[in-house]
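This report describes selected features of one structure for a reader who is meeting it here. It takes up a helix and its surroundings, then helix packing, then individual residues and backbone features.

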Amino acid sequence: MPAQPSPCLVGCATGFSGDRTDGALPVVRTLARQGGGTLIFETLAERTLALAQLARNQDPEAGYEPLLDDLVGPVLQDCLRHGIDIVSNFGAANPPAAARRIAALAAQQGLPAPRIATVHGDELNRPEQRALLREKLGPVLDTLDVVSANAYLGATEIASALRAGAQIVVAGRVADPSLTVGPALARYGWDENDWARIGRATIAGHLLECGTQVTGGYFSVPGLKDVPGGLADTGFPIAEIDADGGFVVGKADGTGGMVDARTVKEQLLYEVHDPARYLTPDVIADLSGATVRELGGDRVAVHGVTGHARPDELKVNVCYRGGWLAEAEISYAGVQAEARARLAGETVARRIGPALALRIDLIGALSILADDGGAMRDARAPGHGRDVRLRVAAEHADRAVAERVLREVMALYCCGPAGGGGVRTSLRPRLNMLSCTVPRDAVAAGWSMLDTDARQ
């Protein structure tokens, strides 16, 4: 009987921009012990790319993941030495600049120049593309100060670059699971219409994309869903994908956290609207028949996943300037703390009046389920919290109007009620977002290999 090929190993070392930066080294060491694989970093949320575009507007060499050096620098040598490819969307609004920075890191470390590819085409800036967005979103688009418009690309360009010998692939907006699908496509040479295999690899990527969520982090509830050893050293996940797309999820060797049927089931359903129709640029994955099986040793096999023909259109996020967000907080403690905080919130609301729609939270008594209209209504009778922090927030297109929130909360120091302290205020520009879909042929996706002599 012929030997089965070793699985395609993909390890994820971040779940968002701002995640821990020390998770990659244990993943890389685990991949190296098993003969190599792919290290992915997932760093883009819905508005992260718009923030990156604002940074690029200020500096043409900015606009990529701010922690790129901390993520890639410590593991670059080991990845190149052990044949571990790096694939990430940390290029954000400026993949070429991110690629140049990685080339510079390699030069600083005295390493041979790596083969770095960049994926492009997600930005929808051409006049005909903007006209299409207006057709999709309506004339409201003409009234918006658009910061960025990006389509979610799939795995095709990633796979093509890896097949061409790229050791590092830097993308901007690609779908999170596509970071995993790309290496599997490149490794096994699947047809791009092999929906069942791509569907399975997509769900492997879905389990990896949020990092330690699947290894115990977001799962943990003390006393109800305990994770042995706590969460200070939670390991990042690794998927073993076979030639049929089937996969096992585990984690980096020698790390904390856990992978079991419960952690995997929770992540399987995370952000999934319809388990039978999980839409991505690569496939419509179907996990409605999925089953999980614990293999022991923090390894879980997932079976029963398939896929259907990919959507005809690609999702697009359009981010635009949405005015100013003002937030101000003040604390009350001790006798009648909650009553004083309520009175403070009511005072601010009366003084500001209808000029602003306020969000008022009583942190420690009423916050997550508070009233967005600022009325501080509660289904329960007012409580008796003895450590309550009042938060008042509002947004407005006019900065001066938004600033009133900050001044009114600051004035509570002396204007009462009694005993308020610890005021903190924040005023920052707000980004809002609209989404639509556009035909695939309106998006000119592609990739190119960086000239490795072009270093910072």
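In this predicted model, the elements that cover the buried residues of helix α1 include the strands β1 (8–12), β2 (37–41), β3 (84–88) and β7 (237–241), together with the helices α3 (68–72) and α4 (76–81). Helix α1 spans residues 24–33, and its buried residues are Ala24, Val27, Val28, Thr30 and Leu31. When α1 is viewed down its axis, these buried residues fall within an arc of 165°, so they line one face of the helix. Just after α1, Gly35 adopts a positive phi of about 100°.

**Helix packing**

Two packed helices are described by the angle between their axes and the distance between the axes. The table gives these values for three pairs.

| Helix pair | Angle between axes | Axis distance |
|---|---|---|
| α8 (178–188) and α9 | about 140° | 7 Å |
| α9 (195–208) and α10 (261–268) | about 105° | 9 Å |
| α11 (337–352) and α12 (399–415) | roughly 135° | within 10 Å |

Helix α9 takes part in two of these pairs. Angles from 65 to 115 degrees count as roughly perpendicular, and α9 and α10 are therefore roughly perpendicular to each other. On the α9 side, the contact is made by Ile203, His206 and Leu207, and on the α10 side by Val264, Gln267 and Leu268. By class, four of the residues in this contact are nonpolar and two are polar, with no charged residues.

With its partner α8, helix α9 forms a different kind of angle: α8 and α9 are oblique to each other. The crossing of α8 and α9 is right-handed. From α8, the residues Thr180, Val181, Ala184 and Leu185 meet Ile198, Ala201, Thr202, Ala204, Gly205 and Leu208 of α9. This contact comprises seven nonpolar and three polar residues, and no charged ones.

The pair α11 and α12 is likewise oblique, and its crossing is right-handed. Ala344, Val348, Arg351 and Ile352 of α11 are in contact with Arg404, Val405, Glu408, Val409 and Leu412 of α12. Here the classes are six nonpolar and three charged residues, with no polar residues.

**Two residues and their contacts**

Which residues does Val388 touch, apart from those up to four places away in sequence? They are Ile330, Ser331, Tyr332, Ala337, Glu338, Ala341, Leu362, Ile363 and Ala365. Val388 itself lies in strand β16, which covers residues 387–396. It is buried, with a relative accessible area of 0%. Among its contacts, Ala337 is 51 residues away along the chain, and the C-alpha atoms of Val388 and Ala337 are separated by 6.3 Å. Ala337 belongs to helix α11, which covers residues 337–352.

Ala355 is placed in the loop between α11 and β15 (359–363). Is Ala355 buried, exposed or partly exposed? Its relative accessibility is 44%, and values between 20% and 50% count as partly exposed, so Ala355 falls in that class. Leaving aside neighbours within four places in sequence, Ala355 is in contact with His396 and Val401. His396 lies 41 residues from Ala355 along the chain, and the C-alpha atoms of the two residues are 9.3 Å apart.

**Backbone features**

Most residues other than glycine have a negative phi, and most peptide bonds are trans. Three places in the model are of interest in this respect.

Ala92 is not a glycine, yet its phi is positive, at about 50°. The residue is found in the loop between β3 and α5 (95–108). With a relative accessible area of 6%, Ala92 is buried.

Asp298 also has a positive phi, of about 60°, although it is not a glycine. Its position is in the loop between β11 (291–294) and β12 (300–303). Asp298 counts as partly exposed, at 28% relative accessibility.

The third place concerns a peptide bond: Gly416 and Pro417 are joined by a cis peptide bond, with omega at about 10°. Pro417 is located in the loop between α12 and β17 (421–439).

Notes:
Residues numbered from 1 in each chain as written. Predicted model: local features only at pLDDT ≥ 70, side-chain atom pairs only at ≥ 80, totals over all residues. Heavy atoms only, no water. Axes fitted to C-alpha atoms, helices over the stretch in contact; angles between N-to-C directions. Helix = DSSP H or I, 4+ residues; strand = E, 2+ residues; numbered from the N terminus. Parallel < 35°, antiparallel > 145°, perpendicular 65-115°, else oblique. Left-handed = near helix turned anticlockwise from the far one by under 90°. Contact = heavy atoms within 4.5 Å. Nonpolar A, V, L, I, M, F, W, Y, C, P; charged D, E, K, R; others polar. Buried < 20%, exposed > 50% of the residue type's maximum accessible area, 1.4 Å probe, protein only. Arc of directions from axis to C-beta.
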